[in-house]
Amino acid sequence: MSWREAMEDGIPVGRDSRKYSCYYPPCHICGAPVYSWSYIRGAQYTCKDCRTELVRQAREKGNAISADKKQKKLEDAVKRISKVTDIAPYKDAIRLVTQNLNRRGWYQSTEEIMVALELIRRGIKAYHQVRIFEYAVDFILPDMKVALEIDGKIYHGKDKLEYQSVRDDVIMYKLGEGWEMIRISTDNINQNVTRLIPGINAVLVRRSTTRKIVKST
Ligand SMILES: [Zn+2]
């Protein structure tokens with residue numbers, strides 16, 4: 001029983017507002033009394049302050065792990081680019097990405113890092129992880145009026161397609177006239193990231209031609 005064990009273990013016992021027994025076992029870290037409605041011998045009690053501190057430490061550890069993972073992704077990105085082109089012109093880009101590597105929500109994948117490196121190397125103004133209403137767009141290229149999304153997987157299934165089309169509509173509505181949403185697959189990026197900008201330009205040309213054709217008929 002709670003009460004007898006508490007007595008035996010020298011745990012302070014009190015009465016709560018409804019006259020029930022309550023217990024004050026010591027915090028297992030700092031020893032401060034922890035309010036509890038029961039006492040279980042051998043259980044670990046943690047005071048509010050120590051709990052907050054534990055959560056903070058756990059979070060820090062989590063961030064440290066993700067920092068390691070991001071560092072590995074950056075290394076992979078550099079390796080993959082080195083396979084298709086001379087890495088030397090990316091030196092400044094690598095430095096810039098390294099400085100911002102651990103920003104929350106940034107550089108989630110190796111391909112995102114490759115795209116960032118390519119955009120910086122080419123001197124193209126870009127914003128990463130831009131929030132538009134409840135959505136986050138991978139890259140916004142204001143001078144090209146392009147919202148750029150890096151797609152890991154081809155979206156199958158009606159629900160996903162519908163979600164994506166609603167999402168794209170909302171984003172395009174917010175960005176305004178003349179903007180284009182362009183999706184590039186991770187496969188394309190991995191094959192040769194130096195084709196990223198020519199690829200985007202080709203899509204833009206194709207779409208403007210399509211629009212003209214639609215208008216003239
Ligand atoms: Zn404590």
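Two residues are taken to be in contact if their C-beta atoms, placed from the backbone, lie within 7 Å. Residues are numbered from 1 along each chain as its sequence is written. This is a predicted model, in which local features need pLDDT of at least 70 and side-chain atom pairs count only at pLDDT 80 or more, while totals for chains, interfaces and linings use all residues.

**Overall architecture**

The protein chain has seven helices and six strands. These elements are DSSP runs numbered from the N terminus, with helices being H or I of at least four residues and strands being E of at least two. Read from the N terminus, their order is α-β-β-α-α-α-β-β-β-α-β-α-α. The radius of gyration of the protein chain is 28 Å, well over the 17 Å that the globule rule gives for 217 residues, so the chain is more spread out than a compact globule. Here the radius of gyration is taken over C-alpha atoms, and the globule rule is 2.2 Å times the number of residues to the power 0.38. Along the principal axes, the C-alpha atoms of the protein chain fill a box of roughly 90 × 45 × 30 Å.

Of the 217 residues in the protein chain, 17% are buried. A residue counts as buried if 20 or more other C-beta atoms lie within 10 Å of its own, as exposed if 12 or fewer do, and as partly exposed in between, with C-beta atoms placed from the backbone. Among contacts between residues at least 6 apart in sequence, 48% join residues at least 24 apart.

**Helices α2 and α4 and the nonpolar core**

A nonpolar core is a set of buried Ala, Val, Leu, Ile, Met, Phe, Trp, Tyr and Cys residues joined through C-beta atoms within 7 Å. The largest such core has 24 residues, of which Val97, Ile113, Met114, Val115, Ala116, Leu117 and Phe139 touch the most other members. At least two residues of this core come from each of α2 (48-84), α3 (91-100), α4 (110-121), β4 and β5 (146-151). Helix α4 gives the largest share, six residues. In soluble globular proteins, nonpolar side chains tend to be buried together.

Helix α4 is mostly covered, with eleven of its twelve residues buried. Among them are Thr110, Glu111 and Glu112, as well as Glu118 and Arg121. Within α4, Met114 is in contact with Ala77, Arg80, Ile81, Ile189 and Val193, leaving aside its neighbours within four places in sequence. Just after α4, Gly123 takes a positive phi of about 70°.

In α2, the buried residues are Lys70, Leu74, Ala77 and Ile81. These buried residues pack against α3 and α4. The 37 residues of α2 should span 54 Å at 1.5 Å a residue, and its end C-alpha atoms are 54 Å apart, which agrees. For α4, the twelve residues should span 16 Å by the same reckoning, and the end C-alpha atoms are 16 Å apart, again in agreement. The expected span of a helix is 1.5 Å times one less than its number of residues.

**The four-stranded sheet**

An open sheet of four strands has the order β3-β4-β5-β6, with mixed pairing. Two strands pair if DSSP finds at least two bridges between them. Strands β3 and β6 (180-185) are the edge strands, each pairing on one side only. From one strand to the next, the twist averages 45°, where axes are lines fitted to C-alpha atoms, for helices over the stretch in contact, and angles run from 0 to 180 degrees between N-to-C directions.

| Strand pair | Sense | Bridges |
|---|---|---|
| β3 (127-132) and β4 (135-141) | antiparallel | five bridges |
| β4 and β5 | antiparallel | three bridges |
| β5 and β6 | parallel | six bridges |

Between β3 and β4, His128 has Phe139 as its bridge partner. The hairpin of these strands has two residues between them, and Phe133 there takes a positive phi near 50°. Further along, Ile140 has Ala147 in β5 as its bridge partner, and Leu141 has Val146. The hairpin of β4 and β5 has four residues between the strands, with Lys145 at a positive phi near 55°. Asp151 stands opposite Ser185 in β6.

**The N-terminal helix**

Glu5 is found in helix α1 (residues 2-9). Glu5 is partly exposed, with 14 other C-beta atoms within 10 Å. Beyond its neighbours within four places in sequence, Glu5 is in contact with Tyr39 and Arg41. Glu5 and Arg206 are 201 residues apart in sequence and 79 Å apart in space, C-alpha to C-alpha.
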